[in-house]
Amino acid sequence: MKRWADNVTAILPERLLHAYVDVLLPAAKRRAVHRALMRQPELRETVEVWRKQNADLRRLALMETPGPMPVAMAGVTHRLETRLCRFAPLEGLRIAAVIALLLSGVAGTALLAQAQLDKDNTLISFGQTAAGGNQAITKPIPTKPQLAEPVAQKPKVENVVATVESAAEDQEKQTDVTSNKGGALAEQGELPEMREAAPETPAPAASEQPHSAPPVVEDSKPAEPPREI
Amino acid sequence: MPHHKGDLEKEIDGLRRYARLLMRNSTEADDLVQDCLVRALEKWPAIAQVTNLRRYLFSMLHNLFIDGTRKSQRRGTVVPIENAVNVASLIQPEAQTPNLELRDLQNGLANLSDAQREVVLLIGLSGFTYDEAAEITGNPVGTVMSRLSRARHALREHVNGAVIEAPERRAR
């Protein structure tokens, strides 16, 4: 089996020559190309010209480069240092702020735990005082209906029934008195027409006409007899 | 491992050499490097974390160069009076560069296109690999290789022909 170096033919690819000139080939390939170039003086001359071009480019660059560096470019390092120094305090401040936040959080948590354990803590008493003041402030003010006289209680059903019964009894008594009065007058002969009607006139129900005047008074007047023409 | 400010300062000389041969104007080259450094400073906390600071700076310089080329194509090239004097001095190349071969090479570089000159300088001068040059210029490796081949052949023909021409930048 032939190696890659043995396969290098008489016509070398140009990319290999460029890579050989620019020293970009591995050692094995470089040796193979070198051996092939030994057999081809034309290609070797081309390679030498390209090598000389590279060397002349470096020489030309060295000739072209002026000595002193411009002030603006020389200040690049200083500007970079200034830039870094300008941001350095900000970094420190940021770290300090984070640490302060963490410490305040820890301290707040510890204070809260201590306040919960200690009932006589100032914070608790202050909170209680504040709560008492709040209650005093929020105590309801007496309203107008409370200042007025109390509303009379509604009568109970028993009281209403008793009132109605007593009223009925009073009405009965009054009716009895009236009927007895009419009866007495009839007995005395002052009301002869009513002697017969009186017993027929029923006594009104006390519940129906409790306050109406007894019709006995009107009926007690003697009816005028029809005049004779 | 993050880079330090000293690493940035070490790259300034390489950037200036590359920019001088690329721009062919010392003032514009220094302005280009200055812009590159300013941009690097603006992004320093992020740039300090990159793996290859040198490649990153050259890539930044390449982008700034492309932006400037496009702007100059739109606005036209402004040549200050100081540079006009330098252009006049190119008529006497012996006074500028004592070495004729270097003068021919300089003229040959000026006759290359920007893309070809950029690739030749990145690989031949700054020593970047083909992959790195492809990353810096944002092109495939094959494109970089073909541009390198054309540029080297053109430089060889120019030096062998010994034709001294006034440097004239080709369109990209």
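**Helix packing and burial in chains A and B**

From the N terminus on, chain A of this predicted model runs α-α-α-α-α-α-α-α-α.

User: What makes up chain A, in helices and strands?

Analyst: Chain A holds 9 helices and 0 strands.

User: What percentage of chain A counts as buried?

Analyst: Of its 229 residues, 10% count as buried. To be counted, a residue needs 20 or more other C-beta atoms within 10 Å of its own.

User: What share of the contacts in chain A with a separation of 6 or more comes from residues 24 or more positions apart?

Analyst: Such residues account for 62% of those contacts.

User: Turning to chain B, why is α9(B) called oblique to α10(B)?

Analyst: Helix α9 (residues 114-125) of chain B and helix α10 (residues 130-137) of chain B pack at an angle of about 135 degrees, and their axes are 10 Å apart. An angle over 145 would count as roughly antiparallel, and 65 to 115 as roughly perpendicular. The value of about 135 degrees falls in neither range, so α9(B) is oblique to α10(B). The crossing of the two helices is right-handed.

User: Which residues of α9(B) and α10(B) meet?

Analyst: From α9(B), B:E118, B:V119, B:L122 and B:I123 meet B:A133, B:I136 and B:T137 of α10(B). By class, the residues of this contact comprise 5 nonpolar, 1 polar and 1 charged. B:E118 is the charged one, because Glu counts as charged.

User: What makes α9(B) mostly covered?

Analyst: In α9(B), 9 of its 12 residues are buried. Among them are B:E118, B:V119, B:L122 and B:I123, the residues that meet α10(B). B:Q116, B:R117, B:V120, B:L121 and B:G124 are also buried.

User: What phi does B:G127 take, just after α9(B)?

Analyst: B:G127 takes a positive phi of about 75 degrees.

User: Why is α10(B) called roughly perpendicular to α11(B)?

Analyst: α10(B) and helix α11 (residues 141-161) of chain B pack at an angle of about 105 degrees, with axes 9 Å apart. Angles of 65 to 115 degrees count as roughly perpendicular, and therefore α10(B) is roughly perpendicular to α11(B).

User: Which residues make the contact of α10(B) with α11(B)?

Analyst: α10(B) contributes B:Y130, B:D131, B:A133, B:A134 and B:T137, while α11(B) contributes B:V141, B:V144 and B:M145. These divide into 6 nonpolar, 1 polar and 1 charged residues. B:A133 and B:T137 of α10(B) take part in this contact and also meet α9(B).

Terms used: Residues are numbered from 1 along each chain as its sequence is written. Chains are lettered from A and ligands numbered from 1 in the order in which they are written. This is a predicted model: local features need pLDDT of at least 70, side-chain atom pairs count only at pLDDT 80 or more; totals for chains, interfaces and linings use all residues. Axes are lines fitted to C-alpha atoms, for helices over the stretch in contact, and angles run from 0 to 180 degrees between N-to-C directions. Helices (H or I, at least four residues) and strands (E, at least two) are DSSP runs, numbered from the N terminus. Angles under 35 degrees count as roughly parallel, over 145 as roughly antiparallel, 65 to 115 as roughly perpendicular and the rest as oblique. A crossing is left-handed if the near helix is turned anticlockwise from the far one by less than a right angle, and right-handed if clockwise. Two residues are in contact if their C-beta atoms, placed from the backbone, lie within 7 Å.
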